[in-house]
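Let's walk through this complex together, one question at a time. Have a look at the sequence and the model first.

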Amino acid sequence: MPEIRYSKDHEYVRIEGGEGVVGISDYAQQQLGDVVFAETPPVGKALKKGDPAAVVESVKAASDVFAPASGEVIAVNSEVESTPGLINEDALGRGWLFRIKLADPNELSSLMDEPAYADFLKTLG
Amino acid sequence: MRYLPLDARERAAMLTRIGVPDIETLFADIPADKRIQGLLDMPLAKSEMAVERAMTAIANRSLAAGSAPFFLGAGAYRRHIPATVDHLIQRSEFLTSYTPYQPEIAQGTLQVLFEFQTQVAALTGMEVANASMYDGSTACGEAMLMAHRLTRRNRSVISGGLHPQYADVCATLTHMAEDSIVRLPPDLKASEDISAEIDAETSCVIVQTPDFFGNPRDLTSIAAAAHAHGALLIAVFTDPVALGAVRSPGEMNADIAVGEGQGLGNGLNFGGPYVGLFATRTKNVRQMPGRLAGETVDAAGRRSFVLTLSTREQHIRREKATSNICTNSGLCALAFSIHLTLLGAVGLERLAKVNHANAVQLADRLSAIASVEVINTHFFNEFVMRAPRPAAKLIEALATRGVIGGLPVSRLLPGAGLDDCIIVASTETNTEDDRAAYAQALADCLR
Amino acid sequence: MNMQGRPTRPETAAAPAGETFTGNRALDVEEALIFESGRFDATGVDVDEPPSFQSKLGPHERQGAIELPGLTEPEAIRHYVRLSRNNYSIDAGIYPLGSCTMKHNPRLNEKMARLPGFADVHPLQPVSTAQGALEVIEALSNALLTMSGMEAIAMSPKAGAHGELCGMMAIKAAVEARGEGEARRVVLVPDSAHGTNPATAALIGYSVRSIPAGEDGIVSAEAVRSALAPDVAAIMLTNPNTCGLFEREIVGIADAVHEAGAYFYCDGANFNAVVGKTRPGDLGVDAMHINLHKTFSTPHGGGGPGAGPVALSSRLAPYAPVPFVVREGGSVRLVEHVEGRKSFGRMCAFHGQMGMFVRALAFILSHGADGLRQASEDAVLSANFIRASLNDVMSAPFADRPCMHEALFDDRWLKDTGLTTLDFAKAMIDEGYHPMTVYFPLIVHGAMLIEPTESESKTSLDLFIMTLRDLAIAAKAGERERFQAAPVHAPRRRLDETRAARQPVLRWTKPQPA
């Protein structure tokens with residue numbers, strides 16, 4: 001079972017070895033509604049934690065996706081660009097956005113694990 | 001006051017329902033020392049007849065283009081507009097509706113916009129067009145900013161054949177956005193080598209055809225040079241009717257085509273309101289500014305139209321929006337669309353041919369006058385005439401003889417060394433008598 | 001005796017409406033696109049073939065065909081008339097879109113704008129032949145200066161957002177002239193602001209610092225003071241604000257902004273509430289755009305054209321863009337070039353929205369000083385009347401004090417009904433009304449912003465209020481079907497906007513043979 005961490009901006013990063021797969025949480029996709037567009041960062045881009053990295057748009061809102069951890073972009077999900085609805089159907093699976101080579105695994109400790117994120121969502125009412 | 005339905009008794013009843021003693025109480029949040037008792041310097045309300053009388057008196061102090069032999073273009077063109085156009089755009093449902101935010105009760109406007117977008121794309125030879133911009137000059141500025149977003153560069157190269165005021169708009173935007181710009185000097189004979197100015201930092205090249213001086217330009221090699229450097233070609237035009245006769249921006253591989261649409265459906269109106277046309281390649285659509293109507297279905301499965309991709313717009317994106325613009329030029333776009341629908345490709349091509357024919361005949365007549373020279377080798381309906389007199393004075397002298405003879409280049413390009421040049425335009429509205437009157441007046445002035 | 005005749009009573013009482021063969025519903029007719037109904041060889045304009053001549057197009061002549069269908073005149077008229085009937089309009093009913101100001105559009109103004117001395121004048125005619133047109137610009141400028149109490153006016157901006165850009169450019173030019181171009185890069189924008197404000201600030205390279213509106217819906221001078229710093233170039237504040245409230249701490253805000261060396265941009269979208277009641281210049285505003293299409297009723301035309309002249313304080317006046325007009329004795333001169341002035345440059349080709357200037361001037365002359373002030377008062381009165389008549393069945397935030405020209409409601413009252421603001425708005429369509437502005441301002445949950453304007457009669461207001469009360473009561477009574485299915489009587493049911501955005505179809509294309 002791969003480890004998954006969440007940011008307060010509702011990005012997730014799933015840790016797979018020294019790499020992280022980034023997307024938006026299931027809660028985030030529900031809040032946005034039907035996603036109609038996703039823009040991923042260029043492969044090779046060096047991201048710092050908190051940098052705007054991708055854009056997800058629904059009919060009613062456009063949202064920046066911030067890098068939950070630092071690292072170089074090593075792959076992007078071209079499937080979500082052509083079929084953005086995947087983010088609604090399977091945010092944590094086929095709706096991933098990009099993959100980074102984690103620059104500093106220690107950064108992950110400031111993110112929430114699943115139970116902590118679930119508690120965090122409760123505070124949002 | 002004829003426009004205000006409430007009367008004193010009703011106002012009193014409403015105040016009672018609200019529960020305040022008087023109207024001033026409703027304005028209590030305005031600091032007391034900042035309230036005024038009225039607009040003391042202004043006259044009181046006038047009857048419709050009185051306003052009409054006053055306005056007509058002012059209007060009579062301008063010369064209407066239709067009342068003189070008229071040969072002025074330079075970005076705005078006098079056209080015969082079918083009576084149908086003005087009749088239709090004055091229908092309440094078009095004239096007095098808002099931006100179609102409730103598509104269930106705005107399909108009329110939305111379908112018009114969808115048709116307009118398709119017409120503009122076809123006319124420019126591009127793949128997709130927006131629902132219009134303010135005018136040609138602002139469309140040009142927006143195209144430059146769009147190119148910056150697409151290329152992630154910020155240096156634009158501007159042809160010396162671009163309408164000087166369009167170039168000024170780009171320069172102002174560039175200065176304010178802290179980008180960089182290269183403006184080539186005024187290029188009377190389309191002889192500049194703009195491709196040489198393109199480098200690896202260049203975001204876009206902006207070239208007008210037919211240019212400000214009337215020369216049609218081949219953009220194909222400029223497009224190739226731009227693309228070789230990862231830059232974009234923005235093609236500009238100022239008269240949509242020209243596209244009925246000359247090669248389209250799309251044919252010449254432009255990435256963005258922008259232009260002034262006034263020349264179809266819209267009067268001169270002393271410069272506005274006009275309608276900016278904006279078209280590009282499908283792959284660039286998410287960086288395109290302005291509104292877009294798109295096709296979809298309603299809950300009953302019927303084809304319908306709706307404003308779409310609005311997440312690009314500022315009401316959602318705020319500081320990340322593609323542009324700060326939130327209006328198009330809806331009614332002018334409608335007028336443009338109706339006129340073009342009436343023309344169809346057949347009518348447009350014929351209209352363009354008449355414009356060209358009239359200009360050729362005029363050029364022949366004027367250049368027959370001793371000491372008058374027509375500069376252009378090729379032109380559509382506008383050309384530069386050189387005469388041995390300061391052009392500004394010559395135009396004034398022609399005006400006193402009742403002829404509006406064109407634009408002295410020095411009016412828009414003072415100090416460019418083109419003080420003896422006049423840009424002369426002809427449209428379908430000019431007759432053989434007009435041309436004869438112009439030639440006669442010009443010969444008299446030069447005598 | 002002739003026994004023929006037609007029945008004079010309906011045979012059956014209301015039979016249910018069935019589907020028609022055509023998809024049409026009597027006056028409501030489905031209309032094809034011109035690309036489907038038109039022919040590529042048809043035209044509705046007779047153009048004479050020119051006598052033979054020698055082409056001067058050379059190698060630039062167009063080669064390919066243009067894919068543009070034509071319609072003859074009767075076909076074209078029918079097409080557009082049919083389309084028009086699918087639109088709601090202010091001429092047909094109340095159009096209570098908050099912040100959009102859909103007031104009556106006098107037809108006199110249309111007639112005036114079409115006088116040849118205005119409509120048929122070229123922007124680059126010799127100035128000596130365009131004095132009347134320049135006089136209109138001068139007269140309207142003077143009227144706007146009187147109403148705003150400001151020093152100068154830039155007439156060329158083509159719409160409100162363009163005016164905002166103009167005002168912010170003047171501010172940036174002034175900041176740069178003081179040598180503070182590097183130091184001051186931040187614009188304060190309340191979170192209740194219209195989205196164009198942050199978009200405009202970003203366009204000229206400024207970053208936005210958000211200021212929260214207070215619990216009472218206004219921005220406090222305290223909040224502004226604590227956000228001000230030496231890096232602030234300007235504040236952009238809408239007054240009356242997007243919640244329909246007058247910013248009652250505006251003078252303190254202006255003082256604080258000026259003390260900090262920054263400028264005060266006022267978004268004048270809602271100026272129509274206070275014309276003749278107060279003057280922005282007296283409140284400390286440095287720049288404010290005026291939407292002629294709102295305050296002075298130039299028609300909205302389905303989304304433009306607008307016009308957005310910008311009034312400027314004496315501190316910003318030198319930086320105004322070209323062109324502008326100057327009176328010199330008996331004539332009006334047009335200044336078209338920067339030529340050593342401090343002017344920041346040019347916003348657009350030519351001189352602005354002349355057609356709109358004529359209409360606005362006719363509106364101002366018709367109303368006069370007394371009518372303009374009365375219009376402001378009636379607009380505010382009508383909004384307060386609506387709010388007072390509905391706040392027992394709907395919930396109105398900030399209702400402890402008067403509103404200006406807009407009545408703001410939120411969706412607290414819909415809690416437990418399972419219905420949303422959108423459902424309520426769509427149900428209004430079935431009742432024959434255009435909905436109010438919804439979900440704006442963003443700081444109010446499920447916002448419904450109603451702007452009746454001064455153009456509605458008491459009867460019209462009463463009917464509107466009665467309808468909204470009926471709907472509110474039905475919503476609370478659990479009639480969910482009525483709302484969630486709405487609209488059912490409009491030319492269209494609700495649209496699939498997700499599909500439109502996911503697979504954008506932005507133009508007609510020739511159907512491919514299957």
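Two residues are in contact if their C-beta atoms, placed from the backbone, lie within 7 Å. This is a predicted model, in which local features need pLDDT of at least 70 and side-chain atom pairs count only at pLDDT 80 or more, while totals for chains, interfaces and linings use all residues. Residues are numbered from 1 along each chain as its sequence is written, and chains are lettered from A and ligands numbered from 1 in the order in which they are written.

Q: Leaving aside neighbours within four places in sequence, which residues is Ile206(B) in contact with?
A: Neighbours within four places in sequence are left aside here. The residues in contact with Ile206(B) are then Cys140(B), Met144(B), Ser156(B), Ile158(B), Ser159(B), Leu162(B), Cys170(B), Ile234(B) and Val236(B).

Q: Which residues touch the most other members of the largest nonpolar core, and which helix gives the most to this core?
A: A nonpolar core is a set of buried Ala, Val, Leu, Ile, Met, Phe, Trp, Tyr and Cys residues joined through C-beta atoms within 7 Å; a residue is buried if 20 or more other C-beta atoms lie within 10 Å of its own, exposed if 12 or fewer, and partly exposed in between. In the largest core, of 354 residues, those touching the most other members are Val205(B), Ile206(B), Ile234(B), Phe118(C), Ala170(C) and Ile171(C). With 22 residues, the helix that gives the most to this core is H11 (residues 330-367) of chain B.

Q: How many residues of chain B are in contact with chain C, and which helix gives the most to chain C's side?
A: On the chain C side, 175 residues are in contact with 172 residues of chain B. Helices (H or I, at least four residues) and strands (E, at least two) are DSSP runs, numbered from the N terminus. The helix of chain C that gives the most to this side, with 23 residues, is H12 (residues 354-390).

Q: How confident is the predictor, in ipTM and pTM, about the complex?
A: Chain C averages a pLDDT (the predictor's confidence in each residue, from 0 to 100) of 95, and 99% of its residues score at least 70. For the complex, the predictor gives an ipTM of 0.97 and a pTM of 0.95.

Q: What percentage of the residues in chain C is buried?
A: The secondary structure of chain C comes to 16 helices and twelve strands. Its C-alpha atoms fill a box of roughly 95 × 75 × 55 Å along the principal axes. Of the 514 residues in chain C, the buried share is 59%.

Q: Which strands stand at the edges of the seven-strand sheet in chain C?
A: Strands pair if DSSP finds at least two bridges between them. The open sheet has mixed pairing and the order E1-E7-E6-E5-E4-E2-E3. Each edge strand has a single partner, so one side of it is left without a neighbour in the sheet; these are E1 (152-154) and E3 (207-211).

Q: Which residue of E6(C) stands opposite Tyr265(C)?
A: Strand E5 (residues 263-267) and strand E6 (residues 287-289) of chain C pair in the parallel sense over two bridges. Opposite Tyr265(C) in E6(C) stands Ala287(C).

Q: Why is strand E9 of chain B largely enclosed, and which residue in its hairpin turn has a positive phi?
A: Four of the five residues of E9 (residues 303-307) of chain B are buried, so the rest of the structure largely encloses it. E9(B) pairs with strand E8 (residues 293-297) of chain B in the antiparallel sense over five bridges, and Val306(B) is the bridge partner of Gly294(B). The two strands form a hairpin with five residues between them, and the turn residue with a positive phi of about 85 degrees is Gly301(B).

Q: Which residue in the turn between E1(A) and E2(A) has a positive phi?
A: Strands E1 (residues 3-6) and E2 (residues 11-16) of chain A run antiparallel, joined by four bridges. Tyr6(A) has Tyr12(A) as its bridge partner. Four residues lie between the strands of this hairpin, and the one with a positive phi, of about 75 degrees, is His10(A).

Q: Is Ser99(C) buried or exposed?
A: Ser99(C) has a positive phi of about 70 degrees although it is not a glycine, and lies in the loop between helix H2 (73-84) and helix H3 (107-113) of chain C. With 21 other C-beta atoms within 10 Å, Ser99(C) is buried.
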